[in-house]
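Open your viewer and get ready to click along. We will go from one selection to the next and look at what is there.

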Amino acid sequence: MPTEPAPRVAVIGAGIAGLTAARALAIAGVPSRVFDKGRAPGGRASTRRHPPFQFDHGAQYFTVRDDRFMSAATSWLSDRVIAPWTARMATIEGGQSHPFTDAATRYVGVPGMSAVAARLARDLSVRCGEGSGPAAGQVWRVSRDGPSWRLFDQSGAAMGEPAYDACIVSVPAPQAVPLLAGAKDLAAQVAAIRMLPTWAVMAAFDRTIEAPFDAAMVRNSPLAWVARDSSKPGRASAPDADAQPAECWVLHASHEWSQQHLEDSPESVAPALLTHFAEATGLGLPVPIFAIAHRWRYAAVANPIPAPSLADPARRIVACGDWCYPAPAPGSAAGRIEAAFVSGLAAASHVQAFLADAAQ
């Protein structure tokens, strides 16, 4: 008797939520294929490399509260995929820094935040943009074909399998809406989500910045966060083979400033935020030996969905991401790596239920 083919699942988005969902499905014996328009998996849990420099220009670190996330983090820690970041923390206001300590353990990927995504993506089928054209992994349309889903690229060509038994959409909420056109109730819920931008500046200096902190939250400034990225474990950058390691800093603008300057050029944003860095800290900064800006159009969520994911069982499609608010434990919040991880687990659980029902 011929065996039934294994169900196939499409996962759109290779951020932490999508990768977590795909990995959970793989553990359950359900194959999937992950699509992403980026050059590599990770979404905002990424590392930007400009040899010899590198920067965690998106997610800066993560904390752990949920037991399921703790289990994964413990494994990553054992395998040296992550390490604690014992940064000197501070708040900055009006040119003055105020150190603080708390009980939180902050973890970072080693040698960069992208290590977490690379670990999740290991042995998965992931199709990204790089190598096959700028939009090779970008899904432009998802449509129903009887009980199944089909994916199409910008030219209208089919992507991946001829049809998928279920679909997980794990991209930022505004990008998810058109992909959810075949599930109008989900699309309407996701359309109500408002996401916020952040401009990030990556800068390297050939000497130490004499700041009494490694990372700081900035108040009443165009900046919201500054971090000595090179203070994280496993980092090393040098302007040339004979020089001392350079200092690498990441500056994040506030959402308000980023929105006001959303369409500014990176070439104008980088010097502007470096000037605000000097003003906010009261430090005399040397001229950077490298500086570049990157815009995260969908960096944070203003009004998260009060659920770990959204599902349409009749159509076998799920929407998930860090714009959901799974509240895995006290103190958790939407927008964090932990939120994305828990959302991905919830999405995988929904898909397993869909497929179990379909098999009956």
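Begin with helix α3: what covers its buried residues includes α1, β3 (48–50), α2, β5 (82–84), β8 and β9 (125–127). Buried here means under 20% relative accessible area, with exposed over 50% and partly exposed in between (1.4 Å probe, protein chains only). Helices (H or I, at least four residues) and strands (E, at least two) are DSSP runs, numbered from the N terminus. You are looking at a predicted model, in which local features need pLDDT of at least 70 and side-chain atom pairs count only at pLDDT 80 or more, while totals for chains, interfaces and linings use all residues. Residues are numbered from 1 along each chain as its sequence is written, and side-chain values use heavy atoms, with hydrogens and water left out.

Stay on α3 and colour its residues by burial. Seven of its eight residues are buried, among them Ser 114, Arg 119 and Leu 120. Just after the helix, pick Asp 123, whose phi is positive, near 70 degrees.

Next, select the largest nonpolar core, a set of buried Ala, Val, Leu, Ile, Met, Phe, Trp, Tyr and Cys residues joined through side-chain atoms within 4.5 Å. Of its 50 residues, Val 9, Ile 16, Phe 62, Trp 76, Ile 168 and Val 351 touch the most other members. Elements that each supply at least two residues include α1, α2, α3 and β16, but the largest share, nine residues, comes from α8. Zoom in on Val 351: leaving aside neighbours within four places in sequence, Val 351 is in contact (heavy atoms within 4.5 Å) with Val 9, Leu 25, Ala 166, Ile 168 and Val 318. A second, separate core of 30 residues includes Val 142, Leu 151, Val 190 and Ile 317.

Now show the strands. β6 (residues 89–93) and β15 (residues 215–218) pair in the parallel sense over four bridges; pairing requires that DSSP finds at least two bridges between two strands. Ala 90 stands opposite Ala 216 in β15. On to β16 (residues 223–228), which runs antiparallel to β15 and is joined to it by three bridges. Here Ala 215 stands opposite Ala 227. β15 and β16 form a hairpin with four residues between them, and Asn 220 in the turn has a positive phi of about 55 degrees.

Which residues should you select last? Of the 13 that line the second largest pocket, Arg 23, Ile 27, Ala 72, Leu 120 and Phe 341 are the closest to its centre. The lining divides into seven nonpolar, two polar and four charged residues, where Ala, Val, Leu, Ile, Met, Phe, Trp, Tyr, Cys and Pro count as nonpolar, Asp, Glu, Lys and Arg as charged, and the others, Gly among them, as polar. A pocket is an open set of points on a 1 Å grid over the protein atoms alone where a 1.4 Å probe fits, with protein on both sides within 12 Å along at least five of seven lines; lining residues have an atom within 4 Å of a point.
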